[in-house]
Amino acid sequence: MTIIPYGRQDINQADIDAVVEVLRSDFLTQGPVIPAFEKAVASYCGALYAVAVSNATSALHIACLALNVGKGDVVWTTPITFPASSNCALHCGATVDFVDIDPRTYNISVNCLAEKLARAEKAGNLPQVIIPVHLCGQPCDMAGIHALSQHYGFKIIEDASHAIGGRYRGEPIGSCCYSDITVFSFHPVKIITSGEGGMALTNDTQLAKHMQLLRSHSITSDAADMHPRAPTELWNYQQIGLGFNYRMTDIHAALGLSQMQRLDEFVTKRHTIAKRYDELLTRIPVVTPWQHANSYSSFHLYLIRLKLDEINKTHRQVYEALRAAGILVNLHYIPVYRHPYYEQMGFRAGYCPQGEQYYSDAISIPMYPGLTEEEQDRVVAALREVTSI
Ligand SMILES: *Cc1c(COP(=O)(O)O)cnc(C)c1O
């Protein structure tokens, strides 16, 4: 029995050649390929700046720091995400809170956000930053979130780890038209990969500069940024803040840059697979992904909701039966605040009812460009079998 994963990378000879070329070159890290990769992503997305880093988790961290998130601050995100979307705020010493999801898109609900902001304003604990996550690559209602940011004065980081290649109202995700910073992940299950890798995009010169410093120890060798010192002393570099080694390597960047050439092809392929699933799943008791008319998803994931009242099994039983059949379905995601670490902060089950409803019946089925029709048929047949009474 061959195993079908829920996601996997697609590597071709050009990708391999690009990596090998770096291995034979003078620079393994911080060479010419990182800026070339940054430029390719920034220009694809229509953003002015892109800062390549070791992964999206570090990109989210320096994005928060660049926006001055610190002790006493509050950051809000969605519960239906990978914990890195909220951990970044905790790493800055801020507190985190969660806004319930929209029951159709599973993204942060702008209605819930508006209500929660009105309550927070009265209580005097408005958030400084909100981190919407484009789940599966389907964009959040960014115009709605941006309008609220204008009223309440918070900053926006888009966690677009799923969403490179997607579009919102005709603009590429990453354009930062409705946000301060947008973050991408290049983990192998995501849309394009650099092995490990992430990028933070912005149109703000100061934010870009701050993030560039933070990714490399906040050490500068730019005379304009250095503090004055005696002219007799040699100061060829200075540390002017507290940063990290969050750099990407040229090896990773070479893979990422090569993959950029097939980004549109990957997303088109994902749409073909999604459309075929939509058709094949019509007579199976599941809800297929709803798509907003103004958006073009990158379809990182294909999420279904089990109609459990029509199925003689529990969520967990369906999940386990599919795994036992060699179909490595997954759950994206357990609400972040239900994790023990977050429960210790005082969060309790039931905090976001829509998020928990989603958690009780959602499953991600295999979705990646190399998924064949035969494999897709096997997924559907297994799903039909386990959900039939
Ligand atoms: C994958 C992912 C991350 C983390 O990405 P890494 O590159 O693995 O650090 C963050 N947020 C979301 C929504 C993700 O899916």
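Modeller: DSSP must find at least two bridges between two strands before they count as paired. A strand is a DSSP run of E with at least two residues, a helix a run of H or I with at least four, and both are numbered from the N terminus. This is a predicted model: local features need pLDDT of at least 70, side-chain atom pairs count only at pLDDT 80 or more, and totals for chains, interfaces and linings use all residues. Residues are numbered from 1 along each chain as its sequence is written, and side-chain values use heavy atoms, with hydrogens and water left out.

Biologist: What makes E12 and E14 partners?

Modeller: Two bridges join E12 to E14 (residues 302–306). The definition asks for at least two, so they pair. Val286 has Leu306 in E14 as its bridge partner. The two strands run antiparallel.

Biologist: Why do E12 and E15 count as edges?

Modeller: The open sheet has three strands, ordered E12-E14-E15, with antiparallel pairing. E12 (286–287) and E15 (362–365) each have a single partner strand, so one side of each lacks a neighbour in the sheet.

Biologist: Which residues come nearest to the ligand?

Modeller: Thr57, Asp159, His162, Ser185 and Lys190, out of 15 around the ligand. Near requires a heavy atom within 4 Å. Helices H3 (56–66) and H4 (84–91) each supply at least two residues of this shell.

Biologist: What makes the contact of His162 with the ligand polar?

Modeller: A polar contact is a pair of N or O atoms within 3.5 Å (within protein, one must be able to donate a hydrogen and the other to accept it, and residues adjacent in sequence count only if both atoms are side-chain atoms). A polar side-chain atom of His162 lies 2.7 Å from a ligand oxygen, so the pair qualifies. Lys190 also reaches a ligand oxygen, at 3.0 Å. Ser161 lies 3.3 Å from a ligand nitrogen. The protein covers 92% of the 380 Å² of accessible area (Shrake-Rupley, 1.4 Å probe) that the ligand has on its own.

Biologist: How does the shell around the ligand divide?

Modeller: Five nonpolar, eight polar and two charged residues. Asp, Glu, Lys and Arg count as charged. Ala, Val, Leu, Ile, Met, Phe, Trp, Tyr, Cys and Pro count as nonpolar, the others, Gly among them, as polar.

Biologist: What marks the peptide bond between His332 and Tyr333?

Modeller: That bond is cis, with omega about 10°. Tyr333 sits in the loop between H10 (315–324) and H11 (340–343).

Biologist: What stands out in the phi of Asn68?

Modeller: Phi is near 65°, positive in a residue other than glycine. Most residues other than glycine have a negative phi, and most peptide bonds are trans. Asn68 lies in the loop between H3 and E2 (74–77).
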